[in-house]
Amino acid sequence: MIEAAELARFELFDRVDPHALGHLAARFAEADLGAGAVVFHQGDTDDRFVIVLAGTLEVVRGIGDQQRRLAVCGPGSILGELSLLRHRPRVASVSALSAVRLAVGDHQAFDELLSIAVVHDRLADTTARRLAEVARPLPLVLGDGTGAFVRPLVRSDRTRFAAEVRALLPESRRRRFFTSGTPSDRLIDYLVNIDYVDHFAWTIGSTDGRGLGTGRYVRDDAHPERAEVAFGVADDMQGKGLGTLLLGALGAAATQTGITTFVADVLEENLPMRKVFDKAGATWRRTDAGVVSATMDVDATRPLITAEQWDMFTAASAEIVTGATLAHHAGAAGERPDQRSGQDAGS
Ligand SMILES: CC(C)(COP(=O)(O)OP(=O)(O)OC[C@H]1O[C@@H](n2cnc3c(N)ncnc32)[C@H](O)[C@@H]1OP(=O)(O)O)[C@@H](O)C(=O)NCCC(=O)NCCS
């Protein structure tokens, strides 16, 4: 039997009412497995999830030499919940790296878990990040015929993203960050630490793993229907339509989170950025000396990409946002969690 005290020591259950935790603990079965045991198989469908009580497990996606380790998880981790939320086959396999002790739950235990408000919110955040990690890259053919892909930017892109930003010419960095200095580690952390509801970013990558460009929006706390957009495209890739594509892709994602207006501050001389925003019917206002502020309707970004691309980006972001609201279970489709702390697009 799983004791409430075994769960209470984990961050996921911090400040949870002991009575509710006791109720939840009683819903779990216990499992003690040896190193090498497989807990979940990629492709399987079942309605179990686990909370790791002791030991470590690895999460691996793909088969044969295409395998990629997504994570190593220890005590306090929850695993297997994506399949329950999405009613889809498992996207990764999970196996024990050491002897493990697990609390194993089913649908009912999962519903009980989500009915505890603080756990729900913590889980929503984790789920959105995991869905972004496993999102299928969307294929793209560049103007010169080379292949590329677009997918949500995730934390594990940090090294690649930092290289992409630091490789920008000083002039491009100045246009992006309003200073030509190298962005700090802290800023890079912020830019890859994304919740996909109030802060969303798409990244374009080449098939050989190079970061070609990133576009993001960050919701305005004071005006939740509004978000600030910002872009960075590798110098040798500028002028080839990636900025336009990213704005369209962000528009598709924004429709999933109730954002109707995009805004951006742009250096007055930044003609390529102004041109991209003009394509979305931006209206302009001078703010500081040398800076102009663009405002555009999210709907107006739709014609910037093909109908097929719009549908593709909408579907991919809807999946992540749905995960972020845990809508399958909480019945909160279309709603978004409470506002998070103040953020801006880092520009
Ligand atoms: C601004 C930026 C994101 C645009 O991305 P991009 O991939 O170059 O954009 P696109 O190719 O989709 O569109 C650029 C448009 O500007 C046009 N353009 C380029 N240089 C120009 C210039 N000097 N004058 C006028 N238009 C220009 C291009 O012809 C293109 O228009 P078109 O599609 O009608 O041909 C990219 O140039 C960049 O990363 N710049 C440095 C960082 C930055 O400025 N970030 C924006 C901060 S908000």
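This briefing covers model confidence, the surroundings of the ligand and three helix packings. The model is predicted, with a mean pLDDT of 89 over the chain. Helix α10 appears under each of the first two topics, since it has the highest mean pLDDT among the elements and gives the most residues to the shell around the ligand.

**Confidence**

- In the chain, 93% of residues reach a pLDDT of 70 or more, and the mean is 89.
- Among the elements, α10 has the highest mean pLDDT, 98, and helix α12 (residues 327-330) has the lowest, 42.
- The pLDDT is below 50 over residues 327-344, a stretch that nevertheless has 34 contacts in the model beyond near neighbours in sequence.
- Predicted coordinates should not be read in detail where pLDDT is low.

**Surroundings of the ligand**

- The ligand has 23 residues around it, and those that come nearest are R175, Q238, G243, T244 and L271.
- Two or more residues of the shell come from each of α7 (170-177), β13 (226-233), α9, β14 (261-267) and α10.
- With five residues, α10 gives the most to this shell.
- By class, the shell holds ten nonpolar, nine polar and four charged residues.

**Helices α9 and α10**

- Helix α9 spans residues 242-254 and helix α10 spans residues 271-279; the two pack at an angle of about 45 degrees, with 10 Å between their axes.
- That angle makes α9 oblique to α10.
- The crossing of α9 with α10 is right-handed.
- On the α9 side the contact is formed by G243, T244 and L247, and on the α10 side by P272, V276 and K279.
- Three nonpolar, two polar and one charged residues make up this contact of α9 with α10.
- G243 and T244 meet α10 as part of the α9 contact set, and both are also among the residues that come nearest to the ligand.

**Helices α2 and α4**

- Helix α2 (residues 18-27) packs against helix α4 (residues 107-114) at an angle of about 165 degrees, and their axes are 9 Å apart.
- Angles over 145 degrees count as roughly antiparallel, and α2 and α4 are therefore roughly antiparallel to each other.
- The crossing of α2 with α4 is left-handed.
- From α2, residues H23, L24 and R27 meet Q108, A109, E112 and L113 from α4.
- The contact of α2 with α4 has three nonpolar, two polar and two charged residues.

**Helices α6 and α8**

- Helix α6 (residues 158-166) and helix α8 (residues 185-192) have axes 10 Å apart and pack at an angle of about 120 degrees.
- At that angle α6 is oblique to α8.
- α6 and α8 form a right-handed crossing.
- R158, F161, A162 and V165 of α6 meet I188, L191 and V192 of α8.
- The contact of α6 with α8 has six nonpolar residues and one charged residue, with no polar ones.

Definitions and conventions: Residues numbered from 1 in each chain as written. Predicted model: local features only at pLDDT ≥ 70, side-chain atom pairs only at ≥ 80, totals over all residues. Axes fitted to C-alpha atoms, helices over the stretch in contact; angles between N-to-C directions. Helix = DSSP H or I, 4+ residues; strand = E, 2+ residues; numbered from the N terminus. Parallel < 35°, antiparallel > 145°, perpendicular 65-115°, else oblique. Left-handed = near helix turned anticlockwise from the far one by under 90°. Contact = placed C-beta atoms within 7 Å. Nonpolar A, V, L, I, M, F, W, Y, C, P; charged D, E, K, R; others polar. pLDDT = per-residue confidence, 0-100. Near = placed C-beta within 6 Å.
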